[in-house]
Amino acid sequence: MASVTLTQSRPMRRNRKDWRGWGFVGPFMIVFLAVLVAPVVYAIVLTLFRQQLVGGSGFVGLENYALLFQDPKFWESLFRVTLFLVVQVPIMLILSLLAALAIDSARLHGTGFFRIAIFLPYAVPGVVAALIWGFIYGNQFGLTGSINDLLGADILQPFSSDWILASIGNIVTWEFMGYNMLIFYAALKVIPADLYEAAEIDGAGQFRIISGIKLPALRGSIVIATIFSIIGSFQLFNEPNLLKALAPNVISSYFTPNMYAYNLSFAGQQFNYSATVAIVMGIITAVIAYIVQLRGSRQEVR
Amino acid sequence: MSAIATPEPAAGAAQARKPRKRVPYVRQQKPTEGRRVKKSILLTIVMAIFVIYSVVPLIWLIVNATKDQGDLFSSFGLWFGSDFNLFQNIADTLTYRNGIFVQWFGNTLLYVVVGAGGATLLATLAGYGLAKFNFPGRRAVFAVVLGAVAVPGTALAVPTFLMFSQLGLTNTPWAVILPSLISPFGLYLIWTYAVDAVPTEILEAARMDGASEFRTFFTISLRLLSPGIVTVLLFAVVATWNNYFLPLIMLSEPTWYPLTVGLSQWSSQATGVAAQPIYNLVITGALLTIVPIVVAFLFLQRYWQSGLSAGSVKQ
C-alpha cells in the first residue's frame with residue numbers, strides 16, 4: 001500500500017546527495033529515538049536481568065522469558081484478550097462497516113447528523129467512557145437496575161464473571177465504532193464516480209455495487225482498522241482497570257497482560273519481569289499485525 | 001467543477017467508460033449525491049438505533065449531572081430528579097479540595113498544548129520532508145516509522161516509565177509530554193497528504209527565486225498543508241486529552257494529574273472501602289471533561305473530515 005507511493009513520490013535529483021530533507025525529518029527522528037526506541041532497548045536489557053536478594057541485579061540471560069512462558073497468570077490473561085479480540089473486533093468492525101455503507105448510500109434522511117452522532121463517543125476519553133458505563137451497569141442508579149426491575153428478575157448482571165468480558169466489549173465497541181465508521185466512510189468517499197456510472201449502465205443493483213465496488217475499495221482501510229483494533233485489544237487496560245473498582249472479585253490483577261505488567265511494576269516492584277511481559281506482548285502484537293497486513297495485501301494482488 | 005471540463009457534453013453514457021482526467025479528491029462530489037436516490041425510511045430507522053446506542057450514555061451523563069447525591073439513587077436514570085442541581089454540582093466540582101479539579105484541568109491543557117502541539121509540528125515537518133525530499137536514509141526512516149505504528153503506546157508505557165525513573169523524569173510534566181510528542185500516524189497522514197497538496201513545481205520555482213527551504217515551507221507549504229495539519233492536530237489533541245495509562249504510571253503527585261487520572265481517583269474514592277460518596281462530583285467532572293473536546297470536534301468538522309478522506313486516498 002504505502003510502498004507504491006514511496007516510489008511514485010520519489011522526487012527529483014538523484015545524482016548528488018541531498019541532505020536538506022534531514023532538516024525537516026531530523027527533529028522528529030531525535031525525539032523518536034529518545035522516547036520510542038530507547039525505552040524499548042532499555043526494556044530489552046532489563047529483561048535479561050533479575051533483582052537479587054542481595055547486591056542489586058544480576059544477569060540471568062533468558063530466564064525471565066522461560067519463567068514467563070510457564071506462568072499460568074500470563075497465559076490466562078493472554079487467552080482472555082485473545083477471546084476478547086476474536087469476538088469483539090469482528091462485531092465492532094461489521095457494525096462500523098454497516099454504518100459507513102448506510103451513510104454513504106445517500107438513502108438516509110439527515111446523513112450529516114448520523115455521521116457526527118455516531119462518531120461522538122470517540123471524543124469521550126476511555127476513562128470517562130468506562131466511568132459512564134460503569135455507572136450505567138450498576139444496580140444502584142444505573143439503567144441495569146431499572147431494566148431488571150422492569151423484567152422482574154436479575155437478568156442483566158454486567159459485573160458477574162460470565163458477563164464482564166461482554167460488558168467491557170460493549171464499552172470498547174461504543175468508543176470506537178464511530179471512529180472506524182469514519183475511516184471506512186472516508187475510503188468510500190474517494191471512489192471515482194465513473195465506477196458507479198459504469199455499474200449503473202451494466203444494471204448492477206445496490207448489493208452488487210457494494211460487493212463489486214465498495215468492499216474491494218475498502219480493503220485497505222479494513223486492514224488498517226483491523227490492525228489498530230488488534231493492537232487495542234492486546235493492550236486492553238483502561239476499561240478493566242476502572243471497572244475493577246466496581247467488580248473487584250471478578251477482575252483480577254492479571255485480567256489482561258497490560259494490567260499484569262502494570263501490577264507487577266507498581267504493586268510488586270518486579271520491574272524486570274514486568275518489562276518481560278511488555279516486550280513479549282509487543283512482539284506478539286507486532287507479529288500478528290504484520291500477518292494481517294501481509295494477508296490483506298496478498299488478497300489485493302489476487 | 002471545472003476540473004472535469006468534458007469535451008463532448010452530449011456523449012453521456014459512452015463517456016463514462018472513457019478514461020478521463022481524475023478529479024482531485026477535495027473537489028470531488030460524493031458519487032451518489034448527483035443522482036436522485038430514493039431515501040429509505042427503513043434504513044433511517046436502523047441507523048437511528050445506531051445513534052441511540054451512541055448517544056444514550058452521553059444523555060445519561062448530562063441528565064445525571066443535574067442531580068444531587070440523593071436524587072441519583074432515588075430517580076430513574078434517564079430522567080431528571082426532583083431538583084435541578086447542575087450549577088450547584090459544577091460549583092462543587094470546581095471547589096472540591098481547594099479547586100484541585102481546576103488544577104487538573106490546567107495540567108491537561110498544558111499537556112495538550114505542548115504535547116499535541118509539539119507532536120503536530122514534528123509530524124508536519126517530518127512528513128513534509130519525507131514527501132518532498134530525497135535524502136540519504138530516507139527509506140530507513142520510512143521503514144522505522146512505519147514499523148513503529150504497529151508498536152502501541154501502552155506497550156511502551158511500562159518500559160518508558162522504567163527508563164524515565166532512572167533519569168529522574170517521573171513525577172514531572174515532561175514524563176507525560178515527551179512520549180506524546182511522537183505521532184507516527186500523524187507523520188504518515190501528513191506525508192501522504194503533502195505528496196499531492198504541495199506541487200513540486202512550486203517548490204522548484206521558490207528555489208529558483210533563491211528562497212531557503214524553511215522559508216518556502218513556512219510561507220507556502222504550510223498553508224497548502226493546513227487541512228491535513230488540522231486533522232493531525234485534532235487527533236493528537238484527543239489522544240493527549242484522553243491519555244490515561246501514561247500519566248497514571250508516570251505521576252504520583254496529584255497536583256500533576258491530568259483530568260482523566262484525577263477523575264478515576266475520585267471514582268475509586270467513591271467506591272472504595274472507606275467510601276466518601278462523591279458520585280455527583282465524578283459525574284459532573286466527567287461531563288466537564290468531555291465538553292471541550294466534543295465542542296472542538298463539532299466546530300472543526302469540515303476540516304478534519306476533509307483531511308481524513310485525503311489521508312485515505314493513499315490506502
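**View 1. B:Asn171, a partly exposed loop residue of the predicted model.** In this predicted model, B:Asn171 counts as partly exposed, with a relative accessibility of 24%. To find B:Asn171, look in the loop that joins helix H5 (153–167) to helix H6 (173–177) of chain B. What makes the backbone here worth a pause? Phi of B:Asn171 is near 65°, a positive value in a residue that is not glycine. For background, most residues other than glycine have a negative phi.

**View 2. B:Arg97, a helix residue with a positive phi.** Here is a second non-glycine residue to inspect: B:Arg97 has a positive phi of about 50°. B:Arg97 sits in helix H3 (residues 86–132) of chain B. Is B:Arg97 buried, partly exposed or exposed? B:Arg97 is partly exposed, its relative accessible area being 47%. In the domain assignment of chain B, domain 2 covers 97–312, while helix H3 covers residues 86–132.

**View 3. Chain B, a chain of helices.** Stepping back to the whole of chain B, we find 14 helices and 0 strands. Read from the N terminus, the elements of chain B are therefore α-α-α-α-α-α-α-α-α-α-α-α-α-α. Chain B has 315 residues, and 52% of them count as buried. Among contacts in chain B with a separation of 6 or more, 70% link residues 24 or more positions apart.

**View 4. The two domains of chain B where they meet.** The domain assignment splits chain B into domain 1 (39–84) and domain 2 (97–312). Their C-alpha centres lie 31 Å apart. Across the boundary, 10 residues of domain 1 of chain B are in contact with 9 residues of domain 2 of chain B. Together the two domains of chain B bury about 740 Å², with 78% of that area on carbon and sulfur atoms. Three residues are good ones to label: B:Leu61, B:Ala65 and B:Gln69 supply 60% of the area that domain 1 of chain B buries against domain 2 of chain B, more than any other three residues. How many salt bridges does the rule find across this interface? The count between domain 1 of chain B and domain 2 of chain B is 0 salt bridges, and the count of residue pairs in polar contact, both at pLDDT 80 or more, is 0 too. On the domain 1 side, the elements giving two or more residues are H1 and helix H2 (69–74) of chain B. H1(B) gives the most, with 5 residues. By class, this side of domain 1 of chain B has 7 nonpolar, 2 polar and 1 charged residues.

**View 5. The interface of chain B and chain A.** Now bring in the partner chain: 117 residues of chain B are in contact with 113 residues of chain A. The area buried between chain B and chain A is about 10,800 Å², and carbon and sulfur atoms give 74% of it. Which residues form the 1 salt bridge that the rule finds across this interface? A:Arg20 pairs with B:Glu213, and their closest N and O atoms are 2.6 Å apart. The rule also finds 8 residue pairs in polar contact between chain B and chain A, both residues at pLDDT 80 or more. Helix H1 (residues 41–64) of chain B gives the most to the side of chain B that touches chain A, with 15 residues. That side of chain B divides into 78 nonpolar, 25 polar and 14 charged residues.

**View 6. The two domains of chain A where they meet.** Our last stop is chain A, which the domain assignment divides into domain 1 (20–61) and domain 2 (69–301). The C-alpha centres of these domains of chain A lie 30 Å apart. Here 8 residues of domain 1 of chain A are in contact with 4 residues of domain 2 of chain A. The two domains of chain A bury about 480 Å² between them, with 68% of it on carbon and sulfur atoms. The count between domain 1 of chain A and domain 2 of chain A is 0 salt bridges, but 2 residue pairs are in polar contact, both residues at pLDDT 80 or more. On the domain 1 side, helix H2 (20–47) and strand E1 (49–51) of chain A each supply at least two residues. H2(A) gives the most, with 5 residues. By class, this side of domain 1 of chain A has 5 nonpolar, 2 polar and 1 charged residues.

Conventions. Residues numbered from 1 in each chain as written. Chains lettered and ligands numbered in written order. Predicted model: local features only at pLDDT ≥ 70, side-chain atom pairs only at ≥ 80, totals over all residues. Heavy atoms only, no water. Domains from an automatic or database assignment. Contact = heavy atoms within 4.5 Å. Buried area = accessible area lost by both parts, 1.4 Å probe. Salt bridge = Lys/Arg side-chain N within 4 Å of Asp/Glu carboxyl O. Polar contact = N/O pair within 3.5 Å; in protein donor to acceptor, adjacent residues only side chain to side chain. Helix = DSSP H or I, 4+ residues; strand = E, 2+ residues; numbered from the N terminus. Nonpolar A, V, L, I, M, F, W, Y, C, P; charged D, E, K, R; others polar. Buried < 20%, exposed > 50% of the residue type's maximum accessible area, 1.4 Å probe, protein only.
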